[in-house]
Amino acid sequence: MSLTSWFLVSCGGTRHRLPREMIFVGRDDCELMLQSRSVDKQHAVINYEVATDEHKVKDLGSLNGTFVNDVRIQEQQYITLKMGDKLRIGYDILSDAK
């Protein structure tokens with residue numbers, strides 16, 4: 001297992017450490033809450049896969065979408081995050097850094 005930690009970094013510089021487990025991202029009752037009207041209550045999920053030591057993001061059918069490197073991902077389909085990827089939840093940009 002890797003000892004590397006992954007972080008999401010907001011445009012304002014706030015770092016959110018990604019745990020090695022599944023987390024929900026949204027506006028309400030989520031492990032990572034974003035205060036934006038463009039973010040659904042439960043917008044996306046980021047899942048950690050132990051076997052591959054990877055974080056994957058999936059949109060949960062949100063209205064304003066989830067984007068990796070400015071490309072909207074299809075809902076209910078996991079996309080593997082790589083170092084330096086730009087993750088956008090609705091209109092809120094988070095950069096993925098390793």
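Is Lys86 buried, partly exposed or exposed? Lys86 has a relative accessibility of 30%, so it counts as partly exposed. Keep this residue in mind, as we will come back to its partner below.

## A first look

Welcome to this structure, which is a predicted model. The chain has 98 residues, and 42% of them count as buried. Its secondary structure is quick to describe: there are eleven strands and zero helices. Reading from the N terminus, you meet β-β-β-β-β-β-β-β-β-β-β.

## The nonpolar core

Turn now to the inside of the chain. The largest nonpolar core is made of 16 residues. Within this core, Ile46, Val57, Leu87 and Ile89 are the residues with the most contacts. Which elements give two or more residues to the core? They are β1 (6-10), β3, β5 (44-49) and β10 (86-89).

## Two salt bridges

How many salt bridges does a search of the whole structure find? The search finds two.

One of them brings us back to Lys86, whose side chain meets that of Asp70 at 3.2 Å, N to O. This pair links distant parts of the chain, with the two residues 16 apart. Lys86 belongs to strand β10, while Asp70 sits in the loop between β7 (66-68) and β8 (71-72). Asp70 has a relative accessible area of 48%, so it is partly exposed. Lys86, as we saw at the start, is partly exposed too, at 30%.

Glu49 and Lys56 also form a salt bridge, and here the closest N and O atoms are 3.5 Å apart. Are these two partners buried or exposed? Glu49 is partly exposed, because its relative accessible area is 27%. Lys56 comes out at 16% relative accessibility, and because buried means under 20%, Lys56 counts as buried.

## A negative patch on the surface

Finally, have a look at the outside of the model. Which residues form a negative surface patch? The patch is formed by Glu21, Asp28, Asp29 and Glu31.

To find your way there, you can start from Asp28, which lies in the loop between β3 (23-26) and β4 (32-33). Strand β3, on one side of that loop, is also among the elements that give two or more residues to the largest nonpolar core. Asp28 itself has a relative accessibility of 42%, so it counts as partly exposed.

Technical notes
Residues are numbered from 1 along each chain as its sequence is written. This is a predicted model: local features need pLDDT of at least 70, side-chain atom pairs count only at pLDDT 80 or more; totals for chains, interfaces and linings use all residues. Side-chain values use heavy atoms; hydrogens and water are left out. Patches are made of residues with over 30% relative accessible area and no salt bridge: like charges are joined within 9 Å, nonpolar side chains (Val, Leu, Ile, Met, Phe, Trp, Tyr) within 5 Å. Accessible areas come from the Shrake-Rupley method with a 1.4 Å probe; for residues, only the protein chains shown count as cover. A salt bridge is a side-chain nitrogen of Lys or Arg within 4 Å of a carboxyl oxygen of Asp or Glu. Lys and Arg count as positive and Asp and Glu as negative; His and the chain ends are not counted. The place of a charge is taken as NZ of Lys, CZ of Arg, CG of Asp or CD of Glu. Helices (H or I, at least four residues) and strands (E, at least two) are DSSP runs, numbered from the N terminus. Buried means under 20% relative accessible area, exposed over 50%, partly exposed in between (1.4 Å probe, protein chains only). A nonpolar core is a set of buried Ala, Val, Leu, Ile, Met, Phe, Trp, Tyr and Cys residues joined through side-chain atoms within 4.5 Å.
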